Every structure is written in structure tokens, then in C-alpha cells.
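Me: Could you take a close look at one strand for me and walk me through its surroundings? Here is the model I have in mind.

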Amino acid sequence: MTVVLKQDLEKPQLTLGFVPLTDCAPLVIAQEKGIFRRYGLEVTLSKETSWANIRDKVALGILDGAQMLAPMVLGMSCGVGPVKKAMVTALSLDLNGNAITVSNALYAIMQACAPHDAPLPNRSAHVLKQVIDARRNNGEKPLSFATVFPTATHTYELRYWMASAGINPDRDVRLVVVPPPQMRAHLESGDVDGFCVGEPWNAAVVHAGIGRTLITKYELWNNSPEKVLGVTREWAEQYPHTHRALLMALLEAARWLDQPNCRREAAALIACGRYVQAPEEIVAMSMNGAYRYAFDEVPRDLPDFNVFHRYAANFPWRSHAIWFLTQMVRWRQLRGQVNFRRIAETVYRPDLFRDAAALLGIPAPGVDYKTEGEHAAPWLFDSRITLGSDLFIDGRTFNPDDPIGYLAGIVPVAGRSNVVPLVRR
Amino acid sequence: MVVMPDVKRSDVRKLRVLLIDHSVGRAAILERALQDAGYVVAAKLTGVMNLYKEVERIEPDVIIIDLESPDRDMLEQMREISRDRPKPVVMFAEDDDSDTIRQAVKAGVSAYVVDGLSAKRVKPLMEVAIARFREYQALREELLHAKVSLAERKLVEKAKGLLMQRRGMSEDEAYKALRKMAMDGNRRLAEVAENILAVANILI
């Protein structure tokens with residue numbers, strides 16, 4: 001096997017940022033299992049308390065790279081949000097892993113409203129729509145929902161879910177941002193009625209019996225992208241060998257995570273104070289292939305609740321980048337002319353992934369784009385790589401060759417004209 | 001005809017500052033320094049449940065926030081919520097200021113500025129904040145250092161006592177013996193003392 005030569009590394013000492021969430025796992029495993037060291041990297045993992053810190057410290061070069069929200073690297077690169085910096089990602093850290101959870105009080109109303117549909121993930125948004133309509137007729141104040149950052153996957157997921165049932169997230173509810181470890185307190189105090197967050201923070205609320213999960217990210221869009229390894233373009237250009245060694249180490253760690261029987265050990269490693277700092281049994285809840293939606297329910301089978309490696313999970317699909325960009329346009333974070341393909345090609349770097357994967361003998365897709373929403377079960381891609389199912393909750397399909405057509409086809413949500421901005425491919 | 005420059009209200013009055021810092025001591029030091037520099041510290045918060053309400057109520061021009069506060073992400077959202085006012089935006093690297101921002105982040109402080117406020121007016125304020133955060137950091141390190149050296153002195157005293165007791169050495173002889181071991185082994189005195197104590201514990 002080809003090895004990475006230590007003397008090739010331009011910068012063997014690295015500081016990488018992470019946020020205390022279950023999906024910091026690839027970084028933690030690479031560190032704790034000595035994988036970084038095997039690639040000649042001496043890594044310090046720096047726990048960060050906010051996504052804003054991750055963004056600022058990576059942009060300023062205080063961190064070499066970080067676990068980042070996939071849309072965050074795109075947003076920074078094309079000027080959505082206050083910090084503009086050319087970013088690069090060549091590795092997706094995981095798929096799925098989030099969920100939407102509401103307070104017991106709100107769930108009780110949903111149940112009273114639609115006893116049969118309320119517990120069904122694919123009907124939950126429609127039931128919420130009924131509750132919202134009833135509240136509006138009674139003159140009650142709008143419900144509050146929290147996500148974790150303006151350009152977070154969670155924001156687009158929550159909005160997509162709501163809009164799939166005709167809820168206008170800008171008018172019918174109040175959207176706020178709450179740091180993940182504080183979600184529980186905000187839900188308990190009634191400050192927010194529901195949220196979309198990563199693990200272990202849904203499990204923590206369900207375990208404490210103060211909220212109920214309505215739907216998981218997997219059910220919203222099967223095997224959808226979540227976190228990435230983000231570095232600045234400058235950094236990637238300055239330290240190409242170091243970057244490749246980092247990609248290889250993380251790929252190995254991700255592969256380890258998806259081996260059978262490794263999740264228990266992983267949960268124990270990431271739960272500790274240095275990392276996620278949550279009880280091990282709560283961290284393990286979302287790592288063992290089943291998911292518990294409510295305190296008084298047995299866990300349901302959900303083997304793909306989080307995916308770290310299988311289904312080519314680490315491949316940075318440029319089509320995923322384009323999908324996130326369409327959501328930024330849809331919710332008017334990104335305005336004016338948008339060159340979808342150019343942004344996807346500069347920020348998402350499957351070419352760098354392929355170099356790293358080839359050295360490890362891991363097969364990588366030969367193309368950069370794929371359609372979404374067409375497979376209800378795992379399928380064989382290029383007749384050699386198994387990809388996961390990719391359905392959206394509303395049954396739509398996404399063709400990355402035609403983002404404008406996709407945006408035009410999205411049913412306008414109530415109270416808003418379906419503005420299609422001036423865009424070109 | 002005289003054309004008056006377009007001066008915003010916030011440009012002629014004293015800037016109102018909101019401090020968010022989990023460290024009460026540091027916030028107090030910074031408050032004093034900002035007041036001395038002519039700013040109005042409208043409020044000091046150590047961490048709040050509903051930051052949106054607080055910002056709406058206090059209406060600061062500038063928010064100085066401890067970088068380790070998770071509340072930063074809540075502030076990030078405020079510029080997105082059109083019906084909420086004011087809209088604070090993180091102060092960040094417009095080329096000429098990137099050094100100030102880097103210094104700030106390194107010192108552990110970040111600032112959010114109400115939309116439209118000029119960076120020129122905020123820069124001196126940031127400099128005060130950076131200086132105080134650094135000073136506080138230095139104080140803490142000094143304190144930590146003092147604690148460590150106190151602990152090390154105790155170890156040396158204990159090791160000396162042990163040598164005096166077991167080997168019948170005088171205090172001076174015991175100290176010289178320790179120092180020789182440290183020099184021979186190219187180690188710190190406290191390390192040698194720790195080793196002696198550890199070995200003694202095993203032998204007992």
C-alpha cells in the first residue's frame with residue numbers, strides 16, 4: 001500500500017475545531033485510535049462553543065480546519081452571512097443524524113387535532129399545519145422553532161419540512177437560533193415549541209420525557225449530507241499533502257465507525273467530557289441503529305439514522321452543494337445572479353477526495369453529480385458502489401442540471417409570490 | 001448652499017455597549033475601562049435565556065461578547081429576522097481591520113455592531129476590549145503559575161523532610177542532594193522531589 005511520507009507534510013501540527021455533537025465522531029476516532037498519528041499528523045482537537053467561532057477561527061487561520069455545516073462552507077464562499085471567505089471541502093463527515101422534536105405541550109395539541117396522523121413522521125408537518133391554522137383563527141401568537149445557525153442544514157431541513165405541508169416558515173412561525181446544549185432548557189421553559197438539532201440533543205430531550213421527536217432527517221431526505229471537513233482555499237493550496245493526509249485519516253476513521261459492533265465503543269469515546277460531554281447511554285441512543293421518538297415508546301428500527309461511511313457517505317457530491325444553494329435562493333439568503341455550478345465546483349472538491357480514497361483503495365464515484373429523490377432502497381451506482389436510498393418527504397426529485405427548473409417547480413408557500421430570481425447555470 | 005453630511009443618530013451620541021461575559025470579574029474590569037473611555041455600558045449579562053428580548057430592550061450599538069459564549073450563534077440569527085430590531089452584525093475582517101479582528105479572536109473576544117455603524121468608530125472600543133481581555137488572561141495565567149509553583153514548593157519541602165528523616169541529613173544537605181539529582185538528571189527540582197516521594201511510597 002502506498003504510504004504517506006511524513007517528510008511530505010508541509011504542516012504536521014494541526015488544530016482542528018469541532019462542536020460537541022455526535023457527528024464529531026470521525027475526528028474523535030481519528031484522534032483516539034491514533035489514526036492521525038499514523039499519517040504523521042499531530043492534531044489538537046479544539047472544542048468550540050458556537051458555529052460562529054468555528055467560522056471565524058477557520059477564516060482567520062486560528063484553526064487549520066474544522067467539522068463544519070455543509071452549507072456553511074458554501075455560504076462563506078458566496079457571501080451568505082457576514083463573513084466572506086473562499087472555502088473548500090473534499091470530505092463529507094456523515095449523512096443524516098438530525099431530528100425535529102417538539103415539546104410535550106405542542107405534541108398533545110397535535111394529537112388532539114389528528115390522533116392517527118400525529119405520530120407518523122411523514123404526516124407530522126400536515127398536523128402541525130392544522131395546529132398553526134387553528135391557533136391563527138383563535139388569535140394566538142405564532143409558535144417558535146429553533147435551529148442552530150442561519151446557514152445550518154437544520155435550518156433548511158426545518159423549512160423544507162414545514163413548506164412540504166404548506167406552512168410558510170417566514171410568516172406562520174417564529175424561527176430562532178439556540179445553541180444545541182441549550183435546546184432542552186428552552187423547550188422546558190416554553191421559550192421554543194420545537195427545534196431541529198443534531199444528536200445527542202434530541203435523545204436527551206426524549207430521554208428526559210420533555211419532548212417528542214416528530215421526524216428524523218433521514219425520513220425528511222434519505223441519506224442527505226450533514227457535516228463536512230472545511231478548510232480555507234488558501235490553506236488547501238498551501239498544504240496539499242497535509243490536506244491529503246488529513247482526508248485519509250478521517251476516511252479511515254469514518255470507515256471504522258461504520259463497521260459492525262464499533263458504535264458502542266465510539267459512543268463511549270465521544271461521550272466523555274473532552275468531547276460531547278453527555279451521558280454515554282444518551283449518546284449511544286442514536287448510534288445503535290434504532291431511534292426512540294418518545295419516552296413511552298420502544299425504539300423503532302432506523303439503521304441509517306446516522307451514516308459515517310457506507311453509501312459513499314464521505315464523497316463530496318457537487319449535486320449536494322447545488323441543492324443547498326437552491327435552498328439559500330429559495331429562502332432568499334442568496335440573491336441576484338447565482339452561478340450554481342461554478343460555486344459547487346470551486347467549493348466542493350471530489351477530485352481531492354478521489355486522490356485520498358485511491359491511496360486507501362476505497363472506491364469513489366467517477367462523476368460529481370447525481371439526481372436525488374429517485375431511489376426508495378439502496379442501489380448500485382457505476383455497478384460497483386452501493387448508494388443509499390435518496391427520497392424526499394414530499395416525493396420531489398432534484399436534478400442538479402436544472403436548479404432553476406427545480407426552484408420554479410417548488411410550490412410557492414402561502415403568502416409569497418413564487419419569485420424566481422435571475423439565475424443562470 | 002451648504003450640504004450637511006448625512007450623520008446618523010448613532011454617530012453623534014455616545015455608543016451604547018452591551019457586555020456579555022460569563023466572567024463577572026472580567027466584565028467589571030472592562031465596564032470600568034469602557035466608561036473611562038467615554039462609552040455607555042448599557043448592560044452587563046453573564047448569559048441569558050432569551051437574548052433576542054434583551055437586545056431589543058437594551059438597544060445597544062455594539063455588543064461585546066466573550067468568544068466562548070454559545071450565545072454568539074443567537075446573535076448571528078438576529079440579522080436574519082427582519083421584524084426584530086436592531087440588527088447586530090459580527091465585526092469581521094474588512095481588509096484593513098483584519099488585524100484588529102485577529103487580535104480580538106486571539107484574546108477571546110468578539111463584537112457585534114448594529115448595521116451601518118462605521119468600523120472607524122468601533123475600532124478604539126475594540127482596542128479597549130482586547131487590552132482588557134488580554135490583561136485578564138495574563139492575570140489568570142499568573143495566578144495559575146503561582147498555584148503551580150506553590151504546589152511545587154510543597155513537594156520539594158516534603159521530599160526534603162523525607163531525606164532528613166530517613167537519611168539523617170540536615171535541611172541544607174537534603175536540599176543540596178535534591179539539587180544535585182536534578183542537575184545530574186537534567187530535570188526540574190519538583191520532578192525529582194515527586195519521584196523521591198513516589199518511590200518512598202512504594203517502599204513503605
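Reply: Happy to! Let's begin with B:Leu19, whose opposite number in strand 2 of chain B is B:Lys44. Please keep in mind that this is a predicted model.

B:Leu19 also has a counterpart on another strand: B:Ile64 in strand 3 of chain B stands opposite B:Leu19. The strand to look at here is strand 1 of chain B, residues 16-20, which is mostly covered, with four of its five residues buried. In a regular strand, side chains alternate between the two faces of the sheet.

Now for the pairing. Strand 1 of chain B runs parallel to strand 2 of chain B (residues 40-45), and five bridges join the two. The route between them is a β-α-β crossover: the chain leaves strand 1 of chain B, passes through helix 2 of chain B (residues 24-36) and arrives at strand 2 of chain B, with a right-handed sense. Strand 3 of chain B, residues 62-66, is likewise a parallel partner of strand 1 of chain B, here over four bridges.

For context, a look at chain A may help. There, five strands make an open sheet of mixed pairing, in the order 2-1-3-11-4. Strand 2 (42-47) and strand 4 (87-92) of chain A each have a single partner strand, so at these edges one side of each lacks a neighbour in the sheet. From one strand to the next, the twist averages 30°. Within chain A, strand 1 (residues 13-18) and strand 3 (residues 65-69) pair in parallel over two bridges, and A:Gly17 has A:Ala66 of strand 3 of chain A as its bridge partner.

Definitions and conventions. Residues are numbered from 1 along each chain as its sequence is written. Chains are lettered from A and ligands numbered from 1 in the order in which they are written. This is a predicted model: local features need pLDDT of at least 70, side-chain atom pairs count only at pLDDT 80 or more; totals for chains, interfaces and linings use all residues. Side-chain values use heavy atoms; hydrogens and water are left out. Buried means under 20% relative accessible area, exposed over 50%, partly exposed in between (1.4 Å probe, protein chains only). Two strands pair if DSSP finds at least two bridges between them. A crossover is right-handed if, with the strands pointing away from the viewer, the path from the first strand over the helix to the second runs clockwise. Axes are lines fitted to C-alpha atoms, for helices over the stretch in contact, and angles run from 0 to 180 degrees between N-to-C directions.
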